[in-house]
Structures are given as C-alpha cells and as structure tokens.
Amino acid sequence: MKFVPQKFVEKQTKEIGKMLGDHRALVAVSGGVDSVTCAALTHRAIGENLLCVMLDDAFMREGEPERIARLISRPPLQLPIKTLNVQERFLEALEGHKDAEAKRKAFRETFYNTLRETAEEEGCQFLVQGTIAADIVETTRGVKTQHNVLAQMGINPIERFGFQVIEPLASIYKGQVRKVARYLGVPSEISERQPFPGPGLSVRTVGEIKADKLEMLKKATAIAEEELAKNPPSQFFAVIIENAERPRYSKLESLSKTIGDIFNVLSDYVFVKVFQDKATGVKKGQRLYGDVLAIKAEDENGHILKTPIENLVRLQDKIVEENPSFARVLYAINETGKRQTYSIVVRAVETVDFLTASVAEVSWTSLEKIADRIFDSCPTVSSVYYDVTPKPPATIEFE
Ligand code: XMP
C-alpha cells in the first residue's frame, strides 16, 4: 500500500492528542530527522504543552547543539526548545567503558535519568520519542542496544524512569519518516540529513572514550563530512580507534600471502595488523563483536597501492570468509609515518533500508584529500583508513 504522509500525520496527530489529553510531554531532540519529525508531529497535536529538550551530551558534532536549537526554534517549526549542558555527566557515566554495548547501556541509563529529572521539574508525565521500525528490529534481534528502545527490551519506563513513553513513528522506516518530515515543513537541512546515532560520537569512538580522542574525532568528522558531502553516499562519517595492536595474532602471515597474491606483490610489501579494540558486526542476523583488521600493500617505492574500492571489497569478502572472527577490514589511505596514538577510519556506505549496505566507491582523490586534511588538523592521528566492509558482516556504524 502506498504511504501517504498526509494520512499518517492526520491519524497520528489525532492519536497523540487522544493519548496526551491536557498533559505536558517531553521530546528529546538530537537534531536527527526522527526526533525532530516526532517533535513536529507532537507539536501539531498538543501545541505549547510540548517541551523539546536537547541534551548537549558531549557527543554531538562541532557546533551542532547551537545550530539545531536555532533551526527548530525558528519558523516554520517554532518548537519550544531547551538545551541542557550535560557534558560532564555523560562523560563521567561512560568513563572507563571499552565495550560497545557497555557504553550504549551507560549512555541509555544516563539519558533516561536526565530526562526523568527534567520531566519531573517540568511537570511532564509523558515522553514522546522518535523510535522507528528499524531501531526495534535491530535491538530485538540482539545486534545492539538502541538507546531509545525500552518497551521492546522488557524495560517498563513507568517503573524505571517514571514516565509513559509514546512512539508515533514506530511503524515506519527512514524513507517514510523523511516524507512525513517534508510534509510537516521540517527544514531540508534536517529532513534530508543522513542518520546520526542517538549516542552520537560515543558510538564512533571505538573503545574507551577520552577527551582528547573525542576532540580529534570531532575535527575528523567535520572534514570527512564536508568532503564526502560533495558527492554524498547514503551515509558517511569518521571513526577514531587507538593504534594499539593485538600481540601475537596467529594467521597474519598466511593473510599477508593471500593479500600479496591478490595485489600481485610479494608478501614483504603487505602489512597487516589487528587492532586491540573490537568492533560490532552482524553475521547471519546475529551480533558479532569481532576483530578489526587493517591492511596495506605497497609498491617497491613505499607508496600505498591504490586499487579500485570494489577489488578491496572482494578481498575483504575472501578474508572474512576464511577468518570468521573478523568483523571489519580496513585499507590504508595514507599515514604520516610517525608513531601516534590514533587512527581515523572513514566509513561511507550506500543503502536503501539501512538493514544491509554496500561500501561506497569513493574516489581515491577524495579519500586522499580527506586524509591530508585530517593529518593537518589532528596531530595525534598517524593513519587514515577506509572501511571496505559491507553490512553484513559489519554494521553501518563502527563501534
Ligand atoms: P547499524 O550500525 O546498526 O545502523 O548498521 C543502522 C542505521 O541506524 C543508525 N543507528 C542509530 N540510530 N540511535 C539511532 O537513532 C542509535 O543508537 C543508532 N545506532 C545506529 C545508523 O547510523 C544507521 O543509519
């Protein structure tokens, strides 16, 4: 059946109005299309009884909290919004966690506790949130903990957080949310924006979160997004990972040989490493917290061999098939040759439904430009890689 945004909006506005009556409700907006659409829809239903809050949680992109607050408080949306600076609280809550799921759970706990306190102060009994169908599918399949899927996880929000949760977008997918957003007059900067996870850059900081690491990631994110937006894939971003390597990883030698054969170079010109930190993948519909492999092949002058991205993806297929513990394969774009703490990974994918995705064939010229700019701005980054893993076996996010 064809999706008609007008009908969806009319039906949901009525239902939200009926459920909320004269009560006040809170919507947490992150600036993403889902939360803003949800806020605009709720505003239609209950007007000034809605309060939007933006949690400035330290994981938004450079300048983002101010930009989003400005955009949605102005016409045509004119949503009532309050920004809360809760950076310290979130940084403390996530401190010391390395594991991706542990970080997501700590984020979720802090997120809802902050909202509970705000709801109490503001006299709101309801929380309206922009959970969409794909969030529920992925969480219930056990791939990862979406920060906003509570009832589906068996968490009773009234008992645990003191408010009732309403999810007006839970039956629709991203493409339909965008249609609803356009219909509601959400500015195109938001309605057409690529997805950004609720826990923000905490997801794209692989392993432990540290202030300097987050700062490097923010700079790299601005660069990668600016360059890739010139010819935008479905989703594109930067990720930061510590250079620390897994010691004595067996099989690396045989891997070098396989890779050398494909590049037609001796295995002496092939370099492989397995990072200490792991990353989330998905295999046969199940979550896999797997290893991250980085590879580089050079010519005899020490220049990194630049082969078409599709060849690298094929190489990744072969490696992952033979070594099921790998969730990601990265290929070097460039490196400084200095020993530094971090690597940046550029991730760009093409996808329709976000449940599967292919690696975007970004030109080497763009990738090299991104790497050069990152080295100029991020002094503790010594390598920039391109993630050549589709979903599956990786997820779209790199966490
Ligand atoms: P994955 O990484 O699971 O991502 O392949 C699929 C899509 O979902 C987005 N994503 C999130 N969105 N909160 C969100 O609102 C989250 O916690 C979250 N995690 C992933 C991701 O960016 C991609 O578009």
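Glutamine 78 sits in the loop between α3 and β3. In this predicted model, the residue has a positive phi of about 50°, even though it is not a glycine. The loop between α3 (64-73) and β3 also holds proline 76, and here the backbone has another quirk: the peptide bond from proline 75 to proline 76 is cis, with omega near 5°. A cis bond also turns up between proline 392 and proline 393, this one with omega near 10°. Proline 393 belongs to the segment after β13 (381-387).

Following the chain out of that loop leads to the sheet. Strands of a sheet pair through backbone hydrogen bonds, and the pairing may be parallel or antiparallel. Here five strands make up an open sheet, ordered β3-β2-β1-β4-β5, and the pairing is parallel. The edges are taken by β3 (81-85) and β5 (164-166); each has a single partner strand, so one side of each goes without a neighbour in the sheet. From one strand to the next, the twist averages 30°. As for the β3 edge, its link to strand β2 (residues 50-56) consists of five bridges, with the two strands running parallel. Across this pair, methionine 54 is found opposite threonine 83 of β3.

On a wider view, the domain assignment splits the protein chain into domain 1, covering 5-193, and domain 2, covering 211-387. The centres of domain 1 and domain 2, taken over C-alpha atoms, lie 32 Å apart. Where the domains touch, 15 residues come from domain 1 and 14 residues from domain 2.

Next come the helix pairs. Two packed helices can be described by the angle between their axes together with the distance between those axes. Helix α8 (residues 174-184) comes up twice in this account. With helix α2 (residues 33-46), the axes come within 10 Å and cross at roughly 45°. The two helices, α2 and α8, are therefore oblique to each other, and the crossing of α2 past α8 is left-handed. On the α2 side, the contact is made by Val33, Asp34, Thr37, Ala40, Leu41 and Arg44, which meet Lys174, Val177, Arg178, Val180, Ala181, Tyr183 and Leu184 in α8. Sorted by class, the residues of this contact come out as eight nonpolar, one polar and four charged.

The other partner of α8 is helix α1 (residues 5-20); here the axes come within 9 Å and cross at roughly 80°. That angle makes α1 roughly perpendicular to α8. Pro5, Gln6, Phe8 and Val9 of α1 meet Lys179, Val180, Tyr183 and Leu184 of α8. The contact of α1 with α8 has six nonpolar residues, one polar and one charged. Val180, Tyr183 and Leu184 of α8 thus appear in the contact with α2 and also in the contact with α1.

A further helix pair is found later in the chain. Helix α11 (residues 252-263) packs with helix α12 (residues 309-322) at an angle of about 155°, and their axes are 11 Å apart. α11 and α12 are therefore roughly antiparallel to each other, and their crossing is right-handed. From α11 the contact takes Leu255, Thr258, Ile259, Ile262 and Phe263, while α12 brings in Leu312, Leu315, Lys318, Ile319 and Glu322. Broken down by class, the residues of the contact between α11 and α12 are seven nonpolar, one polar and two charged.

Notes. Residues are numbered from 1 along each chain as its sequence is written. This is a predicted model: local features need pLDDT of at least 70, side-chain atom pairs count only at pLDDT 80 or more; totals for chains, interfaces and linings use all residues. Side-chain values use heavy atoms; hydrogens and water are left out. Two strands pair if DSSP finds at least two bridges between them. Helices (H or I, at least four residues) and strands (E, at least two) are DSSP runs, numbered from the N terminus. Axes are lines fitted to C-alpha atoms, for helices over the stretch in contact, and angles run from 0 to 180 degrees between N-to-C directions. Angles under 35 degrees count as roughly parallel, over 145 as roughly antiparallel, 65 to 115 as roughly perpendicular and the rest as oblique. A crossing is left-handed if the near helix is turned anticlockwise from the far one by less than a right angle, and right-handed if clockwise. Contact means heavy atoms within 4.5 Å. Ala, Val, Leu, Ile, Met, Phe, Trp, Tyr, Cys and Pro count as nonpolar, Asp, Glu, Lys and Arg as charged, and the others, Gly among them, as polar. Domain bounds come from an automatic or database domain assignment.
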